[in-house]
Amino acid sequence: VQLQAYGGGMVEAGASLRLSCTASGGMFSRYGTAWFRQAPGKERAFVASISREGDITHYADSVKRRFTISRDNAKNTVYLQMNSLKPEDTAVYYCAADSGVKTYSTWYKNLREYSHWGQGTQVTVSS
């Protein structure tokens, strides 16, 4: 499956953005999906994940109650609604997907568990 992420931009602190990631070339409903982000000079870090059917979500502590991940399998798209943005949210945001069977409960946080990645979209939040 190929992933295309978009929706990033430059906003002021407190603003909102919605990222989208559209999949093609595969049955999207078979893939668990996630968003990761990478700030300059830092490692790529987990942001949020959502199960194949959208019934299970997980969030990094730093974005809980501000970000919401969702998906529309009919549109082959996963979303990341980002509210109350902070300068520390500035990063390149990547969507990721994987259809494999996972053997431990916290796999969704591990970027090595995802075999498909989008190209990234830049989010810049000014203070």
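Let's start with a small detail: the side chain of Ser 51 makes a polar contact with the side chain of Asp 55, at 2.6 Å. Keep in mind that what you have in front of you is a predicted model. Ser 51 itself is found in the loop between strand S5 and strand S6, the latter covering 57–59. Is this serine buried or exposed? Its relative accessibility is 18%, and since anything under 20% is called buried, Ser 51 falls on the buried side. Leaving aside residues up to four places away in sequence, Ser 51 also touches Ile 56 and Arg 71.

Ser 51 is a handy way into the next stop, the largest pocket. Which residues lie nearest the centre of that pocket? They are Gly 32, Ile 50, Ser 51, Arg 52 and Trp 107, out of a lining of 14 residues. Two elements give two or more residues each to this lining: strand S4, running over 32–38, and strand S5, running over 45–50. The volume of the pocket comes to about 180 Å³. As for what kinds of residues you'll find around it, the lining is made of 5 nonpolar, 6 polar and 3 charged residues.

Now for the aromatic rings. How many aromatic pairs does a search of the whole structure find? The count is 6. A pair of rings is described by how far apart the centres are and by the angle of the planes. One of the pairs is formed by Phe 36 and Trp 117, with 5.2 Å from centre to centre and 55 degrees between the planes, which makes it tilted. This pair links distant parts of the chain, with Phe 36 in strand S4 and Trp 117 in strand S10 (residues 116–117), 81 residues apart. The two partners are not equally covered: Phe 36 is buried, at 1% relative accessibility, while Trp 117 is partly exposed, with a relative accessible area of 26%.

Another pair brings back a residue from the pocket. The ring centres of Trp 107 and Tyr 114 are 5.5 Å apart and their planes meet at 40 degrees, so this pair is tilted too. Both Trp 107 and Tyr 114 are buried. Step back a little and you'll see a cluster, in which ring pairs link Phe 36, Phe 46, Trp 107, Tyr 108, Tyr 114 and Trp 117. Trp 107, then, belongs to this cluster and also lies among the residues nearest the centre of the largest pocket.

Next, have a look at some loops. Most residues other than glycine have a negative phi. Asn 76 has a positive phi of about 55 degrees, although it is not a glycine. You'll find Asn 76 in the loop between strand S7 (67–72) and S8, where it is partly exposed with a relative accessible area of 26%. Ser 84 is not a glycine either, and its phi is positive as well, at about 50 degrees. Ser 84 sits in the loop between S8 and S9 and is partly exposed, with a relative accessible area of 42%.

The loop between S8 (77–82) and S9 (91–98) is also the place of Glu 88. Is Glu 88 buried or exposed? With a relative accessible area of 56%, Glu 88 counts as exposed, because the cut-off for that is over 50%. To place it against another part of the chain, take Glu 43: the two residues are 45 apart along the chain, and their C-alpha atoms are separated by 14 Å.

Conventions: Residues are numbered from 1 along each chain as its sequence is written. This is a predicted model: local features need pLDDT of at least 70, side-chain atom pairs count only at pLDDT 80 or more; totals for chains, interfaces and linings use all residues. Side-chain values use heavy atoms; hydrogens and water are left out. On a 1 Å grid over the protein atoms alone, a cavity is a set of points where a 1.4 Å probe fits but cannot get out, and a pocket is an open set with protein on both sides within 12 Å along at least five of seven lines; lining residues have an atom within 4 Å of a point. Grid points are joined across faces, edges and corners, and a volume is the space filled by probe spheres set on the points. Helices (H or I, at least four residues) and strands (E, at least two) are DSSP runs, numbered from the N terminus. Ala, Val, Leu, Ile, Met, Phe, Trp, Tyr, Cys and Pro count as nonpolar, Asp, Glu, Lys and Arg as charged, and the others, Gly among them, as polar. Buried means under 20% relative accessible area, exposed over 50%, partly exposed in between (1.4 Å probe, protein chains only). A polar contact is a pair of N or O atoms within 3.5 Å; within protein, one must be able to donate a hydrogen and the other to accept it, and residues adjacent in sequence count only if both atoms are side-chain atoms. Contact means heavy atoms within 4.5 Å. Rings of Phe, Tyr and Trp (its six-membered ring) pair if their centres lie within 6.5 Å; planes under 30 degrees apart count as stacked, over 60 as edge-to-face and the rest as tilted.
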